[in-house]
Amino acid sequence: MHTIDNIKFGEFLIELWKEKGYTQKDVAERLGVSDKAVSKWERGLSFPDITLLEPLANMFNITLTKLYHSERIKEGEKLDKEQIGLILESSIQATSEEIAMSKRIQLMKTIYFLLSISIMCIISVWMSSMNYLPPQGTVNEIGKIQLLTLIILVYFTFFAKTKLPIYYDQNKVDVYTHGFVRFHIAGLKLNNNNWQAIVYANCVGLSIYLVLLSIIYAIYSAFSPFTYETMKSVTIILLILLMLVPTYVVGKKYE
C-alpha cells in the first residue's frame with residue numbers, strides 16, 4: 001500500500017519548480033494561494049487542497065500519477081481507487097489540521113485575555129477597598145492608555161482577520177485595514193506568512209501590559225514611590241516593549 005509522504009512530496013515540488021526556474025512566490029501566485037501555504041508544502045507540514053492538484057501538475061507538465069508518487073515513474077501508470085482515496089484523505093487531513101491549529105490559537109488568545117481582565121479586576125477591587133482609586137469621574141492619562149490598550153486587545157483577540165487578502169502576499173503592503181480599523185506598520189511587509197504571528201504576539205504582549213500597568217498603578221496609588229510623570233513614562237516604554245517590539249520581531253522573522 002502506497003501512502004503519501006509529505007516530506008517527499010515537498011522535496012519533489014522544490015525539484016520541479018527549480019527546473020522551471022520558479023520561486024516559491026511564483027508558485028503561490030500561479031495557484032492563487034499564499035507563500036505560507038506553499039512553504040508548508042515545501043517543508044512537508046501540509047498537503048495541497050485536492051482542487052489544486054491538477055493545476056499543480058499542469059504547471060510542471062507532469063501527470064497526477066507522478067505528482068502523487070513524488071517521483072518520475074513510468075509513463076502510462078495510473079492511480080487506482082485506493083491511491084485516489086489517499087490523496088483525498090491527505091488533503092482533508094491537512095485542512096482539518098489547519099482548522100484545529102486555528103482553534104487552538106484562538107483558545108490561547110482568549111485565555112490570555114480572560115486572565116488579564118481577571119487580574120485587572122482583582123487589583124481594582126483591592127484598590128477600591130483600600131481607597132486607592134482616583135475620585136469618581138476622574139479620568140487620568142493612565143486610565144486612557146489602559147482603556148485604549150483594552151480596546152486594541154479585544155480587537156486582536158476576537159475580531160482581527162485570520163487571513164489577509166492575496167493582494168498582501170503579492171505586494172509590499174505595510175498598512176492593515178479592516179472596516180474602520182487601520183494599522184500602519186512602517187517598514188514591515190504584512191502577508192499571510194507573518195500576520196497570524198503578529199496578531200498572537202500582540203494578544204500576549206497587550207495582556208501582559210494590562211496586568212503590569214494595573215500593578216504599577218496600584219503601587220503608585222498605595223506608596224507613591226515615584227512621580228506621576230515617571231509612571232507615565234514607564235507605561236509608554238512598556239507599551240513599546242510589549243507591543244511594537246514583538247510586532248516587528250515576529251513580523252520580520254516570518255516576513
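A crossing of two helices is called left-handed if the near helix is turned anticlockwise from the far one by less than a right angle, and right-handed if clockwise. The crossing of H7 and H9 is left-handed in this sense, helices being DSSP runs of H or I with at least four residues, numbered from the N terminus. The structure is a predicted model, in which local features need pLDDT of at least 70 and side-chain atom pairs count only at pLDDT 80 or more, while totals for chains, interfaces and linings use all residues. Residues are numbered from 1 along each chain as its sequence is written, and side-chain values use heavy atoms, with hydrogens and water left out.

The axes of H7 and H9 come within 9 Å and cross at roughly 150 degrees; axes here are lines fitted to C-alpha atoms, for helices over the stretch in contact, with angles from 0 to 180 degrees between N-to-C directions. The two helices are therefore roughly antiparallel, a label for angles over 145 degrees, just as those under 35 degrees count as roughly parallel. Among the residues making the contact (heavy atoms within 4.5 Å) are Ile145, Leu153 and Phe156 of H7 and Trp195, Leu206 and Tyr217 of H9. By class, this contact holds 14 nonpolar, six polar and no charged residues; Ala, Val, Leu, Ile, Met, Phe, Trp, Tyr, Cys and Pro count as nonpolar, Asp, Glu, Lys and Arg as charged, and the others, Gly among them, as polar.

H7 also meets H10, their axes coming within 10 Å and crossing at roughly 15 degrees, which makes H7 roughly parallel to H10. This crossing, too, is left-handed. Glu141, Ile152 and Phe156 of H7 are among the contributors, as are Tyr228, Lys232 and Met243 of H10. Here the tally is eight nonpolar, two polar and two charged residues.

These helices return in the largest nonpolar core, which has 24 residues, with Phe156, Tyr176, Leu190 and Trp195 making the most contacts inside it. Such a core is a set of buried Ala, Val, Leu, Ile, Met, Phe, Trp, Tyr and Cys residues joined through side-chain atoms within 4.5 Å, where buried means under 20% relative accessible area, exposed over 50% and partly exposed in between (1.4 Å probe, protein chains only). Helices H6 (81–129), H7 (141–159), H9 (195–223) and H10 (228–253) each give two or more residues to this core, and H9 gives the most, with seven. Apart from it lies another core of 21 residues, including Phe12, Trp41, Phe47 and Ala57.

How values were computed: Angles under 35 degrees count as roughly parallel, over 145 as roughly antiparallel, 65 to 115 as roughly perpendicular and the rest as oblique.
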